[in-house]
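Here are a few short exercises to work through with the structure open beside you. Try each task before you read its solution.

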Amino acid sequence: MLKQTPLFDLHGELGARMTPFAGYEMPVQYPAGILAEHLHTRAQASLFDVSHMGQLALRGDRRVAALEALVPADIQGLARGAMRYTVLTNQSGGILDDLIVTNVGDYLFLVVNASRKAQDMAHLEASLEAGLGTDCGLTELADRALLALQGPMAARVLGRFIPEIAHMGFMTAAPFEFNGVRLAVTRSGYTGEDGFEISIPSADADGFARLLLAQDEVAPAGLGARDSLRLEAGLCLYGHDMDDSTTPVEAGLAWTIARRRRDEGGFPGADIILAQLRDGVARRRVGFLPKGKAPAREHTIVTNNDGAPIGEITSGGFGPSVGGPVAMGYIDSSYSDVDTPVQLMVRGVPRPARVCKMPAIAHNYFKA
Amino acid sequence: MSDLKYTKDHEWVRVEGDTAIIGISDFAQEQLGDVVFVELPEIGKQLKKGAEAAVIESVKAASEVFAPVSGEVVDTNGPLADNPGLVNEAPTGDGWFLKIRIDDASELDGLMDEDAYLKFTQG
């Protein structure tokens, strides 16, 4: 039985095409279609229902130490209202999930992938029971929806209702009240654009979503556009661009490993990850720019010009803002320099491509 | 009543003399969503009925167009290279894919007419 988000009825009214995703019945696109939804997000603002994602609260006096035992981020240094992108690692340095951690004051607010929610909670709870924080408790905020308002007009739109959001920096969080509804707002997202994620009580989500959609600049967008937007933005999708066999260094996420944590270690797989930071890795995540217009999709084999396999595409498709194919994947580090010529085996035929920089479309994040 | 015949794989065929013009149905383009790339066969290629004739890529996925009849590819729709959206805009018109010189017209006997195809897609 698929679960539904609090916006299920609204998706139906909007004519969404629904698809099963991580146990939820989610909108993959609306009648406008993925191309139009994608381009609208980059030009104006789109509303995404991301209520399937796990919203967790980690409470207790030792919550910071408890979480630092599981991730390589600097959680101690996370001021109230600040947030970090980080990863849960295993003993081999592999990535169990990627998540956003926000210090909301009373507790640490974690947003995790829908597909990993159950495993993440079991992993966190097992670690707490192992003595990392017996006074800590983890709860799922299951009665909350999560809306993402993304695009260059997002601040103008949300500012009509909550003027204070104009002062929020990128990757910061703040609580607000609007018409008696308590909203937890972060300036963040998964599109490469400025935008906000709004955690809202489930009972109030439909009304607030309709209010946002009634604004001229706002259109609904589904998981299809979310995927093409994040692909152009060079952002990883768990289970595709990283998993428990890839380390943060291989995945190009070394920037998430804080200075202090590099010195002190103390997170799962630290010995392996810190050695990779020092000595390098045998393979790494890069962007690929296919020549021509044929998209190269996930699991496409990458070869050198002699036809020897040197990597694999992990996410690939058509980038509507690029106007052509966009791809990322893993490659033997000796071929990872930008502009290195490679071949992509699409439907059995080698097609020329080059290693390229990510993101394919420059980030348009808010700068105060 | 249209003169198009349909396959269960959602291709349509229009026969003009000894030539079959082939495309994908309106239902198929609607299901695929925005078409962003079409790979067409070489002119002169011999295709067997049921073989892959073309590849169609939407934002989400790649899918195949199968030859509904055996024969030689005598023409392909060049404008699709720069404007694959024609498949969405006019799937049974300017969005056609290829023309095949028919080897054996009896291969087309089992195809559905428009009414039967509509029932098939609604079933």
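**Exercise 1. Place A:His52 in the fold, and decide whether this residue is buried or exposed.**

Solution. In this predicted model, begin with the chain trace: A:His52 sits in the loop that links β3 (45-49) to β4 (54-59) of chain A. Next, take the relative accessible area, which is 3% for A:His52. The cut-off for buried is under 20%. A:His52 is therefore buried. Finally, look at the residues around the side chain and backbone. Setting aside neighbours within four places in sequence, A:His52 is in contact with A:Thr5, A:Phe21, A:Tyr24, A:Met26, A:Ala114, A:Lys117 and A:Leu223.

**Exercise 2. Find the cavities of 30 Å³ or more and describe what lines them.**

Solution. Start with the count: the whole structure holds two such cavities.

Step one is the largest cavity, with a volume of about 40 Å³. Its lining includes A:Leu7, A:Leu10, A:His11, A:Tyr30 and A:Pro220. Two elements of chain A, α1 (8-13) and β3, give two or more residues each to this lining. β3(A) has the largest share, with three residues. By class, the lining has eight nonpolar, one polar and one charged residues.

Step two is the second largest cavity, at about 30 Å³. Among the residues lining it are A:Pro27, A:Val50, A:Gly222 and A:Arg226. Here β3 and α7 (223-232) of chain A each supply at least two lining residues. The classes come to five nonpolar, one polar and two charged.

Now compare the two lists. A:Phe48 and A:Asp49 appear in the lining of the largest cavity, and A:Phe48 and A:Asp49 also line the second largest cavity.

**Exercise 3. Which residues lie closest to the centre of the second largest pocket?**

Solution. First note the space in this pocket, about 460 Å³. Of its 21 lining residues, the closest to the centre are A:Val104, A:Tyr107, A:Pro175, A:Arg182 and A:Ala184. Then map the lining onto chain A: β6 (95-103), β10 (173-178) and β11 (181-186) give two or more residues each. Sorted by class, the lining has 11 nonpolar, five polar and five charged residues.

**Exercise 4. Work out why chain B counts as compact as a globular protein of its length.**

Solution. Count the elements first: chain B has three helices and nine strands, in the order β-β-β-α-β-β-β-β-β-α-β-α from the N terminus. For 123 residues the globule rule gives 14 Å, and the radius of gyration of chain B is 13 Å, close to that value, so chain B is as compact as a globular protein of that length. For scale, its C-alpha trace spans about 35 × 35 × 20 Å along the principal axes.

Technical notes. Residues are numbered from 1 along each chain as its sequence is written. Chains are lettered from A and ligands numbered from 1 in the order in which they are written. This is a predicted model: local features need pLDDT of at least 70, side-chain atom pairs count only at pLDDT 80 or more; totals for chains, interfaces and linings use all residues. Side-chain values use heavy atoms; hydrogens and water are left out. On a 1 Å grid over the protein atoms alone, a cavity is a set of points where a 1.4 Å probe fits but cannot get out, and a pocket is an open set with protein on both sides within 12 Å along at least five of seven lines; lining residues have an atom within 4 Å of a point. Grid points are joined across faces, edges and corners, and a volume is the space filled by probe spheres set on the points. Helices (H or I, at least four residues) and strands (E, at least two) are DSSP runs, numbered from the N terminus. Ala, Val, Leu, Ile, Met, Phe, Trp, Tyr, Cys and Pro count as nonpolar, Asp, Glu, Lys and Arg as charged, and the others, Gly among them, as polar. Buried means under 20% relative accessible area, exposed over 50%, partly exposed in between (1.4 Å probe, protein chains only). Contact means heavy atoms within 4.5 Å. The radius of gyration is taken over C-alpha atoms; the globule rule is 2.2 Å times the number of residues to the power 0.38.
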